[in-house]
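The following exercises are to be worked with the sequence and the coordinates at hand. Each task is followed by a solution in steps.

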Amino acid sequence: MTARIGFWNRGKFIRLDVRRKPRQRRNREVKTLLFDENAVMPCHYCRITLTFTQATIDHKRPISKKGKTRTSNCVIACRSCNERKGNKSYKQFLFEIGKIK
């Protein structure tokens with residue numbers, strides 16, 4: 001995806017092409033930062049152990065609710081927990097599964 005950005009300089013519009021990273025590439029980068037590829041980690045919600053290929057990125061604040069793909073907003077989750085959470089907020093899902101009251 002290319003965004004057209006530019007500025008005016010001496011009466012001429014100078015156009016810059018800024019390339020944005022596709023979402024899958026950003027997710028992969030965040031997943032690599034959160035998870036060592038050679039290690040196993042537990043799911044953030046149900047605590048089952050996951051390998052790098054089994055793990056998914058779950059956004060605490062969903063993208064549909066203006067959440068960003070950043071390490072502070074992402075956790076490692078198994079596919080079933082990630083699908084169950086859907087676009088619920090982090091606290092709402094923790095309440096639903098009984099982790100908080």
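**Exercise 1.** Which residues of strand β5 (residues 56-59) lie on one side and which on the other, and are they buried or exposed?

*Solution.* The model is a predicted one. In a regular strand, side chains alternate between the two faces of the sheet. Accordingly, Thr-56 and Asp-58 are assigned to one side of β5, and Ile-57 and His-59 to the other. A residue counts as buried under 20% relative accessible area. All four of these residues are buried, and both faces of β5 are thus covered.

**Exercise 2.** Determine in which sense β5 and strand β6 (residues 74-77) pair, and identify the bridge partner of His-59.

*Solution.* The pairing of β5 with β6 is antiparallel and extends over four bridges. Within β6, Cys-74 is the bridge partner of His-59.

**Exercise 3.** Identify the residues that touch the most other members of the largest nonpolar core, and state which element supplies the largest share of the core.

*Solution.* The core comprises 16 residues, and those touching the most other members are Cys-43, Tyr-45, Leu-50 and Ile-76. Both β6 and α3 (90-96) contribute at least two residues each. The largest share, four residues, comes from β6. For Ile-76, the contacts beyond four places in sequence include Leu-34, Phe-35, Met-41, Cys-43 and Leu-50. Ile-76 also touches Thr-56 and Ile-57, two residues of β5.

**Exercise 4.** How many aromatic pairs are there, and what is the geometry of each?

*Solution.* The count comes to two aromatic pairs.

1. Tyr-45 and Tyr-90 form a tilted pair, with 6.3 Å centre to centre and 50 degrees between the planes. Tyr-45 lies in the loop between β3 (41-42) and β4 (49-50) and Tyr-90 in helix α3, so this pair ties together parts that are 45 residues apart in sequence. Tyr-45 is buried at 2% relative accessibility, whereas Tyr-90, at 22%, is partly exposed.
2. Tyr-45 and Phe-93 form an edge-to-face pair, with 5.0 Å centre to centre and 85 degrees between the planes. Because Phe-93 lies in helix α3 and Tyr-45 in the loop between β3 and β4, the pair ties together parts that are 48 residues apart in sequence. Phe-93 is buried, at 0% relative accessibility.

Tyr-45, Tyr-90 and Phe-93 form one aromatic cluster.

**Exercise 5.** Over which rings do Lys-60 and Lys-31 lie, and at what distance from the ring centre?

*Solution.* The charged end of Lys-60 sits over the ring of Tyr-90, 5.3 Å from its centre. Lys-31 lies over the face of Phe-52, at 4.6 Å from the ring centre.

Technical notes. Residues numbered from 1 in each chain as written. Predicted model: local features only at pLDDT ≥ 70, side-chain atom pairs only at ≥ 80, totals over all residues. Heavy atoms only, no water. Buried < 20%, exposed > 50% of the residue type's maximum accessible area, 1.4 Å probe, protein only. Pairing = 2+ DSSP bridges. Core = buried A, V, L, I, M, F, W, Y, C linked by side-chain atoms within 4.5 Å. Contact = heavy atoms within 4.5 Å. Phe/Tyr/Trp six-rings, centres within 6.5 Å; stacked < 30°, edge-to-face > 60°. Lys NZ or Arg CZ within 6 Å of the ring centre and 35° of its normal.
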